[in-house]
Each structure stands twice: as C-alpha cells, then as structure tokens.
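Here's a quick briefing for anyone meeting this protein for the first time. Have a look at the sequence and the model, then read on.

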Amino acid sequence: MPYVPRPTTVVSCAHCGTHFTSRNLRRKYCSNSCNVLASYARTGRRAERASRTDLEKTVAEMRELVQLMQRANLKANLVNLKTALETSTTDVPKPPQKRTKRS
Ligand SMILES: [Zn+2]
C-alpha cells in the first residue's frame with residue numbers, strides 16, 4: 001500500500017482564533033507562543049510582561065531603600081565625625097615639624 005499523506009485541514013487557533021493549516025488533527029494552537037499563552041491563561045499564571053513590571057517595581061523600591069540607607073549612613077558618619085572632633089581636641093597629634101635645612 002503506497003504512502004498517502006494525511007490531508008491538510010484548516011483549523012482555527014484555540015487561543016488567538018487565526019486560521020492555519022495542519023495535517024495533525026489534534027493540533028489546537030497556531031504557534032508555540034499561542035500554546036504557552038493559552039497555558040498561562042489556563043493555569044492563572046501571569047504573563048511575562050506583568051511579572052516584569054513587578055520586578056521593575058521591586059528594583060525601584062530597592063534603589064530607593066539603598067539611597068535612604070546611604071543618606072542615613074552619611075548622617076551617622078557626620079555625627080561620628082562631630083563627636084570625635086568635640087571629644088578629642090587635645091590628643092590630636094601635631095604634625096611633625098619639618099627639619100630645618102643645614103647650612
Ligand atoms: Zn494562535
């Protein structure tokens with residue numbers, strides 16, 4: 001018996017609805033991306049774009065936090081410097097005097 005290929009049939013994609021031709025009767029989606037997106041829609045998993053905006057939000061929040069921490073750290077350093085200056089007025093060693101040139 002000679003090989004007879006299955007006839008192509010026109011199917012509409014179960015996700016986006018575009019018509020496509022396929023020899024496989026079980027094929028539901030026009031493309032792999034439609035398959036993945038339909039899976040996301042089925043399982044309630046968010047689309048990649050949504051999760052990316054969430055990630056960007058988190059990154060922005062972390063940047064803000066880092067800036068706040070840096071400012072607080074600078075303030076603390078300033079306070080430390082002030083107290084150090086106030087407490088140690090006498091025991092600051094004088095810089096060594098330069099030697100006078102021999103003539
Ligand atoms: Zn599709």
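**A first look**

Just after helix H1, Gly44 takes a positive phi of about 80°. Helices (H or I, at least four residues) and strands (E, at least two) are DSSP runs here, numbered from the N terminus. Keep in mind that this is a predicted model: local features need pLDDT of at least 70, side-chain atom pairs count only at pLDDT 80 or more, and totals for chains, interfaces and linings use all residues. Residues are numbered from 1 along each chain as its sequence is written.

**The overall picture**

- The protein's secondary structure adds up to two helices and two strands.
- Going along the sequence, you meet them in the pattern β-β-α-α.
- Of the 103 residues in the protein, 3% are buried. A residue counts as buried if 20 or more other C-beta atoms lie within 10 Å of its own, as exposed if 12 or fewer do, and as partly exposed in between, with C-beta atoms placed from the backbone.
- Among contacts with a separation of 6 or more, 3% join residues 24 or more positions apart. A contact means that the C-beta atoms of two residues, placed from the backbone, lie within 7 Å.

**Helix H1**

- H1 covers residues 32-43, and its end C-alpha atoms are 17 Å apart, which agrees with the 16 Å that its twelve residues should span at 1.5 Å a residue. That expected span is 1.5 Å times one less than the number of residues.
- H1 is hardly covered, as zero of its twelve residues are buried.

**The strand pair**

- Strand E1 (residues 9-12) and strand E2 (residues 19-22) pair in the antiparallel sense over four bridges. To pair, two strands need at least two bridges found by DSSP.
- Thr9 has Ser22 in E2 as its bridge partner, while Ser12 stands opposite His19 in E2.
- Six residues sit between the strands in this hairpin, where Gly17 takes a positive phi near 85°.

**Either side of the hairpin**

- Pro7 lies in the segment before E1. Pro7 is exposed, because it has 7 other C-beta atoms within 10 Å.
- Pro7 and Thr21 are 14 residues apart in sequence, and their C-alpha atoms are 9.8 Å apart in space.
- Asn24 is found in the loop between E2 and H1. Asn24 counts as exposed, with 10 C-beta neighbours inside 10 Å.
- Asn24 and Pro7 are 17 residues apart along the chain, with 9.1 Å between their C-alpha atoms.
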